[in-house]
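Please open the model in your viewer and keep the selection panel at hand. The stops below say what to select next and what is there.

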Amino acid sequence: MATETPVKAGKTVKFIITRQDSPEAAPYTEEFELPYRPNMNVISALMEIQRNPVKTDGAKTTPVVWESNCLEEVCGACSMVINGKPRQACSALVDKLEQPVRVAPMSTFPVVRDLVINRERMFNALKRVKAWIPIDGTYDLGPGPRMAETKRQWAYELSKCMTCGVCLEACPNVNDRSSFIGPAAISQVRLFNAHPTGEMNKAERLETLMEDGGIEGCGNSQNCVRSCPKGIPLTTSIAAINRDTTAQLFKNWLSF
């Protein structure tokens with residue numbers, strides 16, 4: 001039978017959470033003070049606030065709204081800005097965070113409510129570059145083509161992307177004044193162009209990245225690769241796609 005982790009007597013943790021009641025409403029902050037428990041993460045703290053939404057001054061408030069799913073840093077749902085850094089709330093341990101813990105929604109995406117954001121921009125970018133393998137699944141095609149082991153190893157690293165949006169939040173070139181597609185979509189183009197079946201659409205994906213808002217929007221700040229929770233080599237992908245788009249440009253020119 002599971003037992004509750006004992007609360008350390010007298011010790012508390014303070015949270016300052018940026019909230020927003022609707023997409024049109026103005027943001028505001030609320031402070032909460034919770035009893036400390038060993039091995040707390042930000043999600044467990046938000047759950048505690050949800051159970052008992054009482055602010056530091058004793059006033060009752062509405063439960064904070066956020067998104068989470070796997071709690072294992074795999075799904076990417078619980079992305080938020082914690083102490084100024086975009087990251088996953090499930091892997092943000094309170095013991096390793098400076099107090100008070102400041103939690104806010106990612107600013108690159110429109111806020112739906114509190115810490116819930118609309119990631120449509122990121123998903124539209126993936127649609128734009130056709131980040132999938134187009135095969136006919138209506139009948140058995142037999143085993144697919146094999147990928148060379150050396151290529152499979154680095155392609156596997158790119159496939160770890162969980163569309164969390166952290167790289168877009170960290171990138172200074174992704175904002176509401178820019179149409180830059182972002183590092184995640186560029187890296188996915190490299191992944192699917194490396195696939196023996198996906199490379200049939202290689203030119204089409206590269207042409208998309210050669211349009212306005214494509215790879216030319218990257219300013220090489222390298223914030224994306226430093227912030228990626230899965231350690232994906234995003235800048236390596238951007239450099240590789242830069243070469244591929246240049247080659248595609250010459251190919252187009254020579255085909256006239």
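**The enclosed space**

By class, the lining of the largest cavity has 11 nonpolar, 4 polar and 1 charged residues, where Ala, Val, Leu, Ile, Met, Phe, Trp, Tyr, Cys and Pro count as nonpolar, Asp, Glu, Lys and Arg as charged, and the others, Gly among them, as polar. This is a predicted model, in which local features need pLDDT of at least 70 and side-chain atom pairs count only at pLDDT 80 or more, while totals for chains, interfaces and linings use all residues. Residues are numbered from 1 along each chain as its sequence is written, and side-chain values use heavy atoms, with hydrogens and water left out.

The structure holds 1 cavity of 30 Å³ or more, and the volume of the largest cavity is about 110 Å³. Select Cys-161, Cys-164, Cys-167, Cys-228 and Ile-232, which are the closest to its centre of the 16 residues that line it. Then add helix H4 (166-170) and helix H5 (183-194), the elements that give two or more residues to this lining; H5 gives the most, with 3 residues. On a 1 Å grid over the protein atoms alone, a cavity is a set of points where a 1.4 Å probe fits but cannot get out, a pocket is an open set with protein on both sides within 12 Å along at least five of seven lines, and lining residues have an atom within 4 Å of a point. Grid points are joined across faces, edges and corners, and a volume is the space filled by probe spheres set on the points. Helices (H or I, at least four residues) and strands (E, at least two) are DSSP runs, numbered from the N terminus.

**The open pocket**

Move next to the largest pocket, in which about 210 Å³ of space lies. Its lining includes Leu-34, Pro-35, Met-40, Met-47, Glu-48 and Arg-51, and strand S2 (28-35) and helix H1 (42-51) each supply at least two of the lining residues. H1 gives the most, with 4 residues, and by class the lining has 5 nonpolar, 2 polar and 3 charged residues.

Stay on H1 and show the side chains of Arg-51 and Glu-48, which meet in a salt bridge at 2.7 Å, N to O (a side-chain nitrogen of Lys or Arg within 4 Å of a carboxyl oxygen of Asp or Glu). Both residues lie in helix H1, 3 residues apart, about one turn of the helix.

**Between the domains**

Colour domain 1 (12-117) and domain 2 (119-133 + 147-255) separately, as the domain assignment gives them; such bounds come from an automatic or database domain assignment. Their C-alpha centres lie 30 Å apart, and the contact (heavy atoms within 4.5 Å) takes 17 residues from domain 1 and 12 residues from domain 2. The two domains bury about 1,200 Å² between them, 56% of it on carbon and sulfur atoms, buried area being the accessible area (1.4 Å probe) that two parts lose on being put together, summed over both.

Which three residues should be selected on the domain 1 side, as supplying more than any other three of the area it buries against domain 2? They are Pro-86, Thr-108 and Phe-109, which supply 43% of that area. Across this interface the rule finds 1 salt bridge.

**Two backbone stops**

Finish at Gln-99 and Pro-100, which are joined by a cis peptide bond with omega of about -5°; Pro-100 is in the loop between strand S4 (85-88) and strand S5 (101-104).
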